[in-house]
Structure formats: C-alpha cells, structure tokens
Amino acid sequence: MNTLSSGFSVKLSWYPMLGVSCLWIYDYFIKKNRKIIIDRYLLYILCYCFFLFVGECIGLIRFPYYQQLVLGSISQIEKAPLVMHFFDKIGFQCTDEEFILGWFTIRQLRSGMSYILYTWVFALVLGYYISIFWNRSIMLIKRAVYISIIVIVFCAIIELFYLMGNEMAKYVLVHITPYFHEVYSDGRDYPPLLWYTPQIRSIFIEPSNFGMYAVLVNPLLWVNILKNTGYKKIAWGICSIVFTFFVFLSQARTSTLLLILQFAVLIFLIVYKKNNCFKNITAIFVPIIISFLLSIMVISNFIITPVGDNKPALTTKVENNNAALMTEITEYADNNITSVVDSGENANRKGSNTTRKAIYITNLNIGLDYPLFGVGYKLNGAYFVDYMPLELTQDNAEIQKWIGYMKAQGIMRYTLPNIGEYVTKFSSTGIIGVLFLVFPWIYVGLKLLSKLRRYSQANALWYDSAWIFIGLVGVFVSGFGDEFVFYTPWAVLALSFAILKQYDKNKFDVKS
C-alpha cells in the first residue's frame, strides 16, 4: 500500500525489505540454503542491471544539457550545503560547476541501481520467502490487505465528510495526510495537502492511485465471495460494496476502467470453468452495481466542490444534483470512461486528456529518436521541453506551469511528471529496456492462466491463483496509462512466482 513518493511512508517498505534482503543474501549465498531454484531469475536481474548501467553511461556521454545543468543554481541540490561543508572540513576543493556535474553523474548511476534493488531484487526476495513459508505468508499478506482496506476506507470516510463541508474532517485530513505521502511546499502545488476537486483519494497521492491499488484488493474480495457461502458470503459482499463505493467516488478514469477490466477477466475465468456461471457472476455483479448507484447518489446530492489550490474553500453543491438517475450515470460514464479516448471539445470540458497526451507523445518521440537504449534511466525529463508537441503545449497552462518550475528550480530538482510506465521506459531505456520490463509479467501471467485452465476450483490453490492472476492483469494494464507508483506490482509479481512454485512442489492432479 506504500507509495514510492518519499518521506515517512517510503521507509515502511524500503528498510524492512532491505533487512530481509540481507537475510536472503546470508541464507542463499553463505548457508547455501537454496530451497527454490531461482538462479535463472537472479541471472535475469543481473543482465537487466548491466543493461541499465550501460544505457545510463551512454546516456550520460551524449547528454546534451550539461550547459543548462551547470548554469543552474547549486541550490537545485538539496544536500549541497551539507556536502560542501564536509568537503571544506577535509580540505577538498571544487567549483560549483564541478560539484553539480559530479553529483548529477553519481545520482544518475545510483538511481538505476536503486530501481533494480527496490523492485526486482525485493520481488525476488519476497517470492523466495513466500514460497518457502507459503501457508503462513499468504495468510499474513491477506491480513495486511484487509488492514489496508480498513485504513483506506477510514480515511476515505473522513475525506467524504470533508467534501460534504465538515470542518472537523478538514482539520483531521490536514494533520494526517503528510504521514501518507510528501506534500510539496517549495513553490510547487503537487501533491496538494487537500485535493482540489470533488474526488476521493483517501491515503493516496491522487484519486487515480486509488484504482491502482484497488487492482489487488477487488479480486481478493471477489474470490472471497465466490468461495464462501451463507453469512460469510454476505459479509464479503458488504465489504466489496463499501470498498468499491469509494473506488467509484474517486471519479478517476484509471479506477473505473481497471475495475471493469478485472471484472471482465473474472467473468472469463468463471465462464471457462463452467461452474454455476450465472450465480457466481451475479454474486460479484450485484455488489458492483449497488456500489455504483450509491456513489452516483452521493456525488449528485451530498458532495460539494472545493475551490483553490492547496487551500480548498468549500462552496456550493455540484450542479444537477436533482437530475434523473440515467443522466447522472451517463455523465459519470462520459467523464470517467469515454473521455479516455475523447480528444475533442468534450474532453477539454470534462477532464481533458491534453496534458496526458502531450507527455505521452513526448516520451514516445524521445524513444523513437533513441530506440535501442533510450536516453538513459531518469534522464528523459531533461529532454521534455525540446520534444513536446507545440500544438498540445503552447496553450496548456498546466504544462507551462511545470516548465516554469523546471526552469526556476533546475532539471535536477524538478522535471515534468511521466505518464505511462511502458512509454516512459521506452524513452529512457529504449525498446530493449521495455522488453526486459514486460517479459517476466507476460511469462508468469501465461503460466498462471495455464494453471487456472488445467485445475478445477476444488484445488486448494485455484482461488488464490485467480486472485493473483486478476491482480497481475490489472497492474500490467495499468502500466499503459500510469507509472508504477506503488509497490503493488512487484508484490503481485512475487506472489505469482511463489504460487507457481507451490504447483511444482505439490504436483497436483489436473482434476484436483
């Protein structure tokens, strides 16, 4: 549930995983305790790491913006005063330009290695220990997800009261939000302390991130509904209604589309297994519909619109709060589904795609000019100004504001946000980097689908496999429109490796 922002929240995953990784190194290399054959996966990570290092070196050699870099103030490096003071104490002398160039080079080389460690290596470690202690691990992971649901829903309820005009709720949000993610105040307004549109974001940086975490939660609630009976089935249905209700209240296209996609994948699995198809599909579909209708009712009649950046002042209720139900449903679908592909006047009026499209095309154009290795990991942001399509950016106030931030604070301190994990990797690491990224997801996805097809729902692992597979599809598809800002994708990848090992270890009969 942790986000890759910074501050307190990132420490909740980084340091525990670093400790577990050290334990794994001791366990795997010193004690030679190799209960799982992972040598090929480890070799894959080393090859990926070598590729990133080579690509980064090439990118630094041909980097065309060193002049702009050294002309910027040394203040673009937050730790510069501390480091320069240390240099003075040991008698090491360097100019500001030399310091900026050295710091920039070291930071870029370190960032690629940190990325490999935080994502692929930690996923390897998680998969290793989850597989060894499968029953206990999967129980603890599910409990962690359930606890996260409670936290998310609790904060979402507070935010809902805030959007309904409650000042006490606003006071609580102001004090708890900085613990979940960093709030910028050094001339920037993102992420804001309080969200400035009538959308629920709960503990997340922005409303769309709600849906990106929900790709792990919703399938788990659905399989709990399917495999239980009686009052337990009803209880899990209520849990699904409550959580999905807030997913819809996020009013984010990412959330809505991923929910629809994952429900379609679940329908496919149910129909393919031909086991009480109508009953099982209805058991999931009814809570979704109830959640959707409840969210429409709340949006239409209770939520009021905050105005102003970072200091929302609650004013009047949204228009059309007494409109017919079908009108509200149509408007919601128009804003959160059809607007994804609508690039005309309607899209500009209702959540324009212009900014996202401009950034997407910019990364694509950069990648097309540097197709094999890209421009270097985390170096693509410096190229944005020269590669942005003029027709999409010259009249875009949001992008012009970002460019102003970058020029004022320097490219080391601020770059434009990226849109889309795969197109971002294409611009920074080239087509080879994209293939390195997507291959493990496709491989384990096909292997999981094969297990779901071969084994029946009576198999002890079938429901867990369905949960992980649907989650895997969700996080993989989310990469087309958003970056992987959560650790969720890597946790799902680790779970996928671990559960595949369970099939290999237990050697289930196909009919079991």
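Where is the place of Lys142? In this predicted model, Lys142 is located in helix H6.

**Lys142 and its surroundings**

Although lysine carries a polar side chain that this report treats through its contacts, the first point concerns burial: Lys142 has a relative accessible area of 13%, and because buried means under 20%, this residue counts as buried. The side chain of Lys142 is joined to that of Asp464 by a polar contact of 2.7 Å. When neighbours within four places in sequence are left aside, Lys142 is in contact with Leu220, Lys227, Asp464 and Trp467.

**The nonpolar cores**

In soluble globular proteins, nonpolar side chains tend to be buried together. The largest nonpolar core of this model has 114 residues. Within this core, the residues that touch the most other members are Trp120, Phe243, Trp441 and Trp490. Trp441 illustrates such a position: with neighbours within four places in sequence set aside, its contacts are Trp120, Leu472, Val475, Phe476, Phe484, Pro489, Trp490 and Leu493. Another core, of 33 residues, lies apart from the largest one, and its members include Ile77, Ile366, Phe384 and Leu392.

**A nonpolar patch on the surface**

Nonpolar residues also occur on the surface, where Ile157, Phe161, Met164, Val286, Ile290, Leu294, Met297 and Phe302 form a patch. Together these residues have about 640 Å² of accessible area. Helix H6 (134-163) and helix H11 (277-301) each supply at least two residues of the patch, and the largest share, four residues, comes from H11. Ile290 is found in H11. With a relative accessible area of 36%, Ile290 falls between the limits of 20% and 50% and is therefore partly exposed.

**Two residues with a positive phi**

Most residues other than glycine have a negative phi. Gln251 and Lys378 are not glycines, yet Gln251 has a positive phi, and so has Lys378. The table sets out their values and places.

| Residue | Phi | Loop between | Relative accessible area |
|---|---|---|---|
| Gln251 | about 50° | helix H9 (230-249) and helix H10 (253-273) | 18% |
| Lys378 | about 70° | helix H14 (354-369) and helix H15 (384-387) | 52% |

Is each of these residues buried or exposed? Gln251 is buried, because its 18% is under the limit of 20%. Lys378 counts as exposed, because its 52% is over the limit of 50%.

Note on methods
Residues are numbered from 1 along each chain as its sequence is written. This is a predicted model: local features need pLDDT of at least 70, side-chain atom pairs count only at pLDDT 80 or more; totals for chains, interfaces and linings use all residues. Side-chain values use heavy atoms; hydrogens and water are left out. A nonpolar core is a set of buried Ala, Val, Leu, Ile, Met, Phe, Trp, Tyr and Cys residues joined through side-chain atoms within 4.5 Å. Buried means under 20% relative accessible area, exposed over 50%, partly exposed in between (1.4 Å probe, protein chains only). Contact means heavy atoms within 4.5 Å. Patches are made of residues with over 30% relative accessible area and no salt bridge: like charges are joined within 9 Å, nonpolar side chains (Val, Leu, Ile, Met, Phe, Trp, Tyr) within 5 Å. Accessible areas come from the Shrake-Rupley method with a 1.4 Å probe; for residues, only the protein chains shown count as cover. A salt bridge is a side-chain nitrogen of Lys or Arg within 4 Å of a carboxyl oxygen of Asp or Glu. A polar contact is a pair of N or O atoms within 3.5 Å; within protein, one must be able to donate a hydrogen and the other to accept it, and residues adjacent in sequence count only if both atoms are side-chain atoms.
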